[in-house]
Amino acid sequence: MVKNYPFSTYFILLLITITRLISTVGKTEQWKKTLLPPPPKLAITLDTISHKLRYDPEEIESASKDYGNLVHNSPLAVFHPSSIQDIVTLIKHSYNSSVPFNIAARGQGHSTWGQAMASDGVVVDMGGFRERGNGVGISVSLDTFVGYYADVGGEQLWIDVLERCLEHGLAPVSWTDYLYLTVGGTLSNAGISGQTFRYGPQISNVHEMDVVTGKGEFVTCSSQKNSELFHGVLGGLGQFGIIARARIALEPAPKRVKWVRFLYSDFSAFTKDQERLISINGRRQNTALDYLEGILLMHQGPINNWRSSFFPLADHPRIISLVTKHSVLYCLEVAKYYNDLSENKVDKEELQVLIQGLSYIPGFYYEKDVSYVEFLNRVRSGELKLQSQGLWDVPHPWLNLFIPKSQIMEFDSGIFKNIIHKRNITTGPVLIYPMNRNK
């Protein structure tokens, strides 16, 4: 009899420098489509917004590429709104025009296949909208029925949301690994990280939104009100409208984090331990983890990657020797949040209960104690270092996959070992971790 595990979906992220693999999973044309077909030329004559269009080469060039640096589409103009009403006016003009044009909202341009571009159309500069202080902003409130929440402009960065909420001792519960992304950007994609198994992705922690639709209508929506639009926009890749405001659920913020990594040579033991740890959630909340991910360490690849430097330098020879012996190692990464007064309890009781019986390689247990902000913002320092070395503006093939539990062993043998390892693909992190489907 087949047992129906609740944690039957694995999330895989492959960030590797190999265009051959990427070309087999889809063409870029599918991402060039936006709500309306491109016109032969741009013709906006409305006095209220026409002066907010920029045509200079620097603006066009900046809006013609993204983080992936694989797709390049030039808009005819970049739009600098002064208000949400400006965005409404722009979209209405296109929708009602005899020659409608593409419109795309661009936050941080962190997409990988041109989703934030508008070929022969208009890119809405949400980053400039934020920097000029014209957006919705960030405000924290309390509601009798839903608890604490933050009303956040779609143009806002998650790092700023975190800092503002911490002023009130609060924080969102679900994050992405990288915080210098816009709220509208991640909610248009899902917003997935190591907290997803427990709290769901970021789109599962939104109470309501204000959205500018493809017709230029300004609509407030939630799971009860205009629910079809609400669920379409969340994870909709920007194809159902532009997020003007999102109401994000908040909870009391922890102060510090116990951050632990274990090494495995056996993939089966690695996945079983991952599944066991996320299954604890809901049964013993005091011993439940707050974060869980997994990382591949490959022969001839770096022990630490740009996303975070974790393993102590003195242990690098020992780890390299182990990777050389097994070719591929699997790193289980977990975190437990706590407050200053509960540190001894986390150390002596809760972590010990969690790790008891895990099948990692003896002697390869690594622990850090960091602040909550330092943990959530761990990727930023690596990014800044690469930027300072001139190594950031390169192609970033980035592939996200959901794999059912029933196929995860085959994925390991077919992809991790027979493609990535055998072809000696060692550049870029590979993440793998399970999620609870009911989240």
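**Entry 1: the whole chain**

I began with the surface, and for the protein chain I found an accessible area of about 19,700 Å², of which 51% belongs to carbon and sulfur atoms. I noted at once that this is a predicted model, and I read every value below with that in mind. Of the 439 residues in the protein chain, buried residues make up 55%. When I looked up the secondary structure, I counted 15 helices and 18 strands in the protein chain. I then turned to contacts between residues at least 6 apart in sequence, and I saw that 77% of them join residues at least 24 apart.

**Entry 2: residues far apart in sequence**

I looked up Leu14, which sits in strand β1 (residues 9-15). Is Leu14 buried or exposed? Its relative accessibility is 3%, so I entered Leu14 as buried, the cut-off being under 20%. I also wrote down that Leu14 and Leu401 are 387 residues apart along the chain, while their C-alpha atoms are separated by 8.4 Å.

Next I went to Ile355, a residue of helix α12 (residues 343-355). Ile355 has a relative accessible area of 13%, which means that it is buried. Leaving out residues up to four places away in sequence, I found that Ile355 touches Phe262 and Tyr365. I checked Phe262 further, and its C-alpha atom is 9.8 Å from that of Ile355, although 93 residues separate the two in sequence.

My third residue was Ile103, in strand β4 (residues 103-106). Ile103 is buried as well, because its relative accessible area is 18% and the limit for buried is under 20%. From Ile103 to Ser119 I read 8.7 Å between C-alpha atoms, for a pair 16 residues apart in sequence.

**Entry 3: Asp125**

I looked up Asp125, which has its place in strand β5 (residues 122-125). Which side chain of opposite charge is nearest to Asp125? I found that it is Arg132, at 4.4 Å, and that Asp125 is buried yet has no salt bridge. The distance explains this entry, because a salt bridge needs a side-chain nitrogen within 4 Å of a carboxyl oxygen.

I then asked what the side chain of Asp125 does reach, and I found the backbone nitrogen of Gly128 at 3.1 Å. The backbone nitrogen of Gly127 also lies 3.4 Å from a polar atom of this side chain. Not counting residues up to four places away in sequence, the residues touched by Asp125 are Val78, Phe79, His80, Pro81, Arg106 and Arg132.

**Entry 4: salt bridges**

I reminded myself that side chains of opposite charge can pair when their charged atoms come close. How many salt bridges does the count come to? The count is 17, and I looked up three of these pairs in turn.

Glu131 and Arg130 form a salt bridge in which the closest N and O atoms are 3.7 Å apart. Glu131 has a relative accessible area of 65%, so I recorded it as exposed, whereas Arg130, with a relative accessible area of 13%, is buried.

Arg247 pairs with Glu208, and here the closest N and O atoms are 3.9 Å apart. This pair links distant parts of the chain, since Arg247 is in strand β11 (residues 242-249) and Glu208 in strand β9 (residues 206-212), 39 residues apart. I noted that Arg247 and Glu208 are buried.

Lys258 and Asp369 meet in a salt bridge of 2.8 Å, N to O. Lys258 belongs to strand β13 (residues 256-264) and Asp369 to strand β16 (residues 365-371), so this pair ties together parts that are 111 residues apart in sequence. Lys258 is buried, with a relative accessible area of 4%, while Asp369, with a relative accessible area of 28%, is partly exposed. I also traced one network of salt bridges that share partners, and its members are Asp151, Glu208, Asp210, Arg245 and Arg247.

**Entry 5: helix α10**

I finished with helix α10 (residues 267-279), whose 13 residues should span 18 Å at 1.5 Å a residue. The C-alpha atoms at its ends are 18 Å apart, so the model agrees with what I expected. At the start of α10, I found a side-chain oxygen of Asp266 that reaches to within 2.8 Å of the backbone nitrogen of Ser268. Which residues of α10 are buried? I listed Phe267, Ala269, Phe270, Thr271, Asp273, Gln274, Glu275, Leu277 and Ile278.

Methods
Residues are numbered from 1 along each chain as its sequence is written. This is a predicted model: local features need pLDDT of at least 70, side-chain atom pairs count only at pLDDT 80 or more; totals for chains, interfaces and linings use all residues. Side-chain values use heavy atoms; hydrogens and water are left out. Helices (H or I, at least four residues) and strands (E, at least two) are DSSP runs, numbered from the N terminus. Buried means under 20% relative accessible area, exposed over 50%, partly exposed in between (1.4 Å probe, protein chains only). Lys and Arg count as positive and Asp and Glu as negative; His and the chain ends are not counted. A polar contact is a pair of N or O atoms within 3.5 Å; within protein, one must be able to donate a hydrogen and the other to accept it, and residues adjacent in sequence count only if both atoms are side-chain atoms. Contact means heavy atoms within 4.5 Å. The expected span of a helix is 1.5 Å times one less than its number of residues. Accessible areas come from the Shrake-Rupley method with a 1.4 Å probe; for residues, only the protein chains shown count as cover.
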